[in-house]
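Hi,

Here is the structure I promised to pass on. Have a look at it first, and my notes on what turned up follow below.

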Amino acid sequence: TTDITERRELADERERLLLREREQVRRLRELDRLKDELMAMVSHELRSPIGVIRAYAEMLREAPDLPEEHAAFLEVIDRKSEHLQRLVDDLLDLARLEDGRMAVEVRTVWLTRLIHQAVEDHRAAAEAKGIALTAELPHYLHVRADPVRLRQVMDNLLSNAIKYTPGGGAVAVTAVPPDDDGGGSPPDGGGPPRMAAVTVADNGIGIPPEQYEHLFSRFFRASSGRAAGIKGTGLGLAITKAIVSAHGGTITAAPREGGGTAFTVRLPAG
Ligand code: ADP
């Protein structure tokens with residue numbers, strides 16, 4: 001009987017631990033939600049004062065006989081408040097994406113054309129650094145996506161690739177239809193959607209292997225980027241991932257042989 005009693009006590013103890021663990025998980029989730037809510041509220045409240053600061057700075061800049069020194073001060077106010085505004089906008093975007101308030105309006109998008117347009121819009125920035133920017137894409141490739149959001153994804157990946165690649169480097173965009181992506185042919189009547197894949201690869205400064213797992217977390221910045229003195233907020237990839245997830249897609253990052261990084265986005269083919 002002692003044996004049975006002991007076993008029962010053990011089972012009770014295990015049950016108690018399990019319940020406590022569940023309660024802790026519940027509390028952490030609640031805290032996480034409150035943190036998101038606070039972040040969204042603060043961002044929202046910061047928006048209009050920043051707008052007012054920018055508007056008055058702009059008005060002062062147009063004042064007649066502005067001493068040169070004061071014009072320089074205003075320039076700093078303008079630059080810093082613009083940075084603040086971008087930060088706040090990014091945080092709001094993220095909050096909206098994460099609680100599903102940002103609607104993604106999915107339709108069939110000609111991915112090839114969207115990528116070519118994004119690439120052309122980054123060409124000047126690449127050329128200014130002496131970076132070769134290329135795109136090798138099948139002529140017809142379509143995905144189910146919100147074109148505005150998808151453009152944001154491409155812009156983030158391209159601007160990062162250019163930003164984190166030293167002059168003289170190369171950034172290459174490639175895309176493949178579902179059949180070339182190891183997806184096989186679609187099962188009849190449903191099954192997981194077939195995915196098209198877009199890769200933005202660079203031969204830039206790369207990311208230390210142990211930091212890949214944090215790459216898509218808010219505010220995370222890899223030590224390589226910080227060491228190179230490159231500025232950033234660590235929000236772009238978190239937003240990018242949230243957008244891709246809202247489309248039922250995935251995003252992954254991998255080191256490239258010989259240095260550099262490759263980001264691959266997979267989206268339901270159209
Ligand atoms: P930001 O560039 O504003 O810091 P992101 O969220 O876009 O923020 O990226 C997070 C971090 O990931 C960056 O700070 C940088 O360290 C790293 N990173 C992103 N893209 C690349 C890239 N193509 N090559 C090397 N590091 C990158």
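**Cavities and pockets**

Counting enclosed spaces gives one cavity of 30 Å³ or more. A cavity here is a set of points, on a 1 Å grid over the protein atoms alone, where a 1.4 Å probe fits but cannot get out. Volumes are the space filled by probe spheres set on the points, with grid points joined across faces, edges and corners. The idea behind it: rolling a probe the size of a water molecule over the atoms shows where empty space is left.

Before going further, a word on the source: this is a predicted model, in which local features need pLDDT of at least 70 and side-chain atom pairs count only at pLDDT 80 or more, while totals for chains, interfaces and linings use all residues. Residues are numbered from 1 along each chain as its sequence is written, and side-chain values use heavy atoms, with hydrogens and water left out.

Back to the largest cavity, which holds about 40 Å³ of space. Its lining (residues with an atom within 4 Å of a point) is made up of Asp 36, Met 39, Leu 91, Leu 94, Ala 95 and Arg 218. Two elements, α1 (2–61) and α2, give two or more residues each to that lining, and α2 gives the most, with three. By type, the lining of this cavity has four nonpolar residues, no polar ones and two charged. For that split, Ala, Val, Leu, Ile, Met, Phe, Trp, Tyr, Cys and Pro count as nonpolar, Asp, Glu, Lys and Arg as charged, and the others, Gly among them, as polar.

Now the largest pocket, with about 960 Å³ of space. A pocket is an open set of points with protein on both sides within 12 Å along at least five of seven lines. There are 37 residues in its lining, and Asn 160, Lys 163, Lys 231, Gly 232 and Thr 233 lie nearest the centre. Which element supplies the largest share of that lining? α4 does, with eight residues. The elements that supply at least two residues each include α4 (147–163), α6 (236–246) and β7 (261–268). In the pocket lining, 13 residues are nonpolar, 14 polar and ten charged.

**Two residues to look up**

Asn 156 sits in helix α4. Its C-alpha is 7.3 Å from that of Leu 237, although the two are 81 residues apart in sequence. Beyond its neighbours within four places in sequence, Asn 156 is in contact (heavy atoms within 4.5 Å) with Gly 236 and Thr 240.

Ser 224 belongs to helix α5. Is Ser 224 buried or exposed? Ser 224 counts as buried because its relative accessibility is 18%; buried means under 20% relative accessible area, exposed over 50%, partly exposed in between (1.4 Å probe, protein chains only). Outside the four places on either side in sequence, Ser 224 is in contact with Ile 205, Gly 206, Ile 207 and Pro 208.

**The whole chain**

The protein has six helices and seven strands, taken as DSSP runs numbered from the N terminus (helices H or I, at least four residues; strands E, at least two). Along the sequence, the pattern is α-α-β-α-β-β-α-β-β-α-α-β-β. The C-alpha trace spans about 95 × 50 × 40 Å along its principal axes. Of the 270 residues, 33% count as buried. Among contacts with a separation of 6 or more, 73% join residues 24 or more positions apart.

Cheers
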